[in-house]
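Here are a few exercises on helix packing and the nonpolar core of a protein. Have the model open beside you, try each task, and then follow the solution.

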Amino acid sequence: MLRKVALYLVLVGACGAGVAWVMHLGAGESLMHLATSASSDGAPALAHAADPRSASSSLEALAEQLAGRLHEPLAQLLLQVIVVVTAARLAGTLFRRLGQPAVTGEMVAGIVLGPSVAGALWPSTQPFLFPVESMGALRLLSQVGVILYMFVVGIELDLAHLRRRADAALLVSHVSILAPFLLGSTLALALYPTLAPAGVSFSSFTLFLGVAMSITAFPVLARILDERQLSRTRLGAIAITCAAVDDVTAWCLLAVVVAVVKAEALTGAAVTVVLAAAFVALLWLGVRPILGRRIGDQVGDESRQRAHIGLALTFVFSCALATELIGIHALFGAFLAGVAMPEHAAVREFLQRRLEAFSTVVLLPLFFAFTGLRTHIGLLDDGVAWATCAAVIAVAVAGKLGGGMLAAPVTGMSWRDAFALGALMNTRGLIELIVLNIGYDLGIISGRIFAMLVLMAVVTTLMTGPLLRLSSTWRQVGIGASEPG
């Protein structure tokens, strides 16, 4: 052992001495080269080195050099990821301690990082962290995160469970879609003349606003039920089924709206819908059985799990690309890819465990930040704007909570549980923000409407916990316990 160490030290010392000798020989050549360059240029090349102020100048130059490197695209994106993920983690932890889902804190953190809070309090900081030229990279990376997230949402959709409770859930979920859709469409009559972007048709604006009012955040609702130990109760089972039916229906409606907006005529929209239906049929009847054989039968083989992840990612991105080309948005394809995965519980759990952590911890906060950067609450600059925002929130709550609550007793639920179910269906969360960004990208809604709807999504998600606590209080005192006749 000692001989090996000695030999190692001798080799390192010999190589180091050789390099030092070469550097010594080259130093003289370097001085001669600099002197020759100075004489040919007519200026002393080493004058700056003799300047006693060179130390401070060097420090200033180093600071400028570091600041300049921070404006390189990769360094800028890495800095944004660090800031956004840190803010999301802190806000998520704080909101969890306040009895709210962590995702709500992450949504709020995104708004805080935008012009509404950070931009107003520290005007010079935001352009440094999120310059306009960096938004393209941030947007694309956040979109990849949302695509993976929607894939996981599709995986979490338990079709067998949905079929077992479809009778009870179908009425409640569709009433909780139709009621807010109708109220949102009615509200569009008042909002369209002054708040719709120029060139947007009334039909596109109305249909989108109706869909935006109808969304329920299926993943957030599932986490709320788990945290409150309601997943295995009858209320929890019906709520998760209703939310699943709600989301599938709402995404289908959104696909139609996007097709209408992107198409130049009704004929083009019809073609888009037909292509989408053909894609769903191909996915369900052709691709799904193949995936069941390729992944489902081999999920226990650890040597092939990496290949399964690669196959799943290729599949989800291919589906996202297909629906993007069809004209109904890439996120719809990602969601369908998750739904089409084999029904083997081990397959879904394996993919969810591998993909959810990275997409929710790193990539989704970037989406929240990107949403917050385009949310300008300062656009609501007068009493009329804030009154309109309050009306939007009131209509959203009345449609979802009221619709779900009134329909639930028909299925045999007590009024107390019906109120709790309505409160759960009123949860918008991340899914709402995804839908709003689609509408904003398509130019269907203006910046003012976008800000109002983002606030609506945050407020309705924050309401869920207190409303469930109120329902529990009623349970303790016996209010609303009687079953309907």
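**Exercise 1.** Work out in which hand α7 passes α19, and how the two helices lie to each other.

*Solution.* In this predicted model, look along the pair first: the crossing of α7 over α19 is left-handed. Next, take the geometry: α7 and helix α19 (residues 429-441) pack at about 135 degrees, and their axes are 12 Å apart. Angles over 145 degrees would count as roughly antiparallel, and 65 to 115 as roughly perpendicular. The pair is therefore oblique.

Now find the residues that meet. From α7 come Arg 139, Val 146, Tyr 149 and Met 150, and from α19 come Leu 430, Ile 431, Ile 434 and Asp 441. Sorted by class, this contact holds 6 nonpolar, no polar and 2 charged residues.

**Exercise 2.** Describe how α7 packs with α11, using the angle and the axes.

*Solution.* Start with the numbers: helix α7 (residues 135-156) and helix α11 (residues 218-227) make an angle of about 60 degrees, with axes 10 Å apart. Roughly perpendicular begins at 65 degrees and roughly parallel ends at 35, so α7 and α11 are oblique to each other. The hand of this crossing is left-handed.

At the contact itself, Tyr 149, Val 153 and Glu 156 of α7 meet Phe 218, Pro 219 and Arg 223 of α11. By class these are 4 nonpolar, no polar and 2 charged residues.

**Exercise 3.** Decide whether α11 is largely enclosed or not by the rest of the structure.

*Solution.* Begin by listing its buried residues, taking buried as under 20% relative accessible area: Phe 218, Pro 219, Val 220, Leu 221, Ala 222, Ile 224 and Leu 225. That is 7 of the 10 residues of α11, so the helix is largely enclosed. Just past this helix, have a look at Gln 229, which follows α11 and has a positive phi, near 55 degrees.

**Exercise 4.** Which residues touch the most other members of the largest nonpolar core?

*Solution.* The core has 118 residues, and Met 150, Ile 434 and Leu 453 touch the most other members. Helix α12 (residues 234-262) contributes the most to this core, with 14 residues.

Follow Met 150 next. Beyond its neighbours within four places in sequence, Met 150 contacts Trp 251, Leu 331, Ala 334, Phe 335, Ile 431 and Ile 434. Finally, another core lies apart from this one: it has 15 residues, including Val 84, Val 85, Leu 148 and Ala 369.

How values were computed: Residues are numbered from 1 along each chain as its sequence is written. This is a predicted model: local features need pLDDT of at least 70, side-chain atom pairs count only at pLDDT 80 or more; totals for chains, interfaces and linings use all residues. Side-chain values use heavy atoms; hydrogens and water are left out. A nonpolar core is a set of buried Ala, Val, Leu, Ile, Met, Phe, Trp, Tyr and Cys residues joined through side-chain atoms within 4.5 Å. Buried means under 20% relative accessible area, exposed over 50%, partly exposed in between (1.4 Å probe, protein chains only). Helices (H or I, at least four residues) and strands (E, at least two) are DSSP runs, numbered from the N terminus. Contact means heavy atoms within 4.5 Å. Axes are lines fitted to C-alpha atoms, for helices over the stretch in contact, and angles run from 0 to 180 degrees between N-to-C directions. A crossing is left-handed if the near helix is turned anticlockwise from the far one by less than a right angle, and right-handed if clockwise. Ala, Val, Leu, Ile, Met, Phe, Trp, Tyr, Cys and Pro count as nonpolar, Asp, Glu, Lys and Arg as charged, and the others, Gly among them, as polar.
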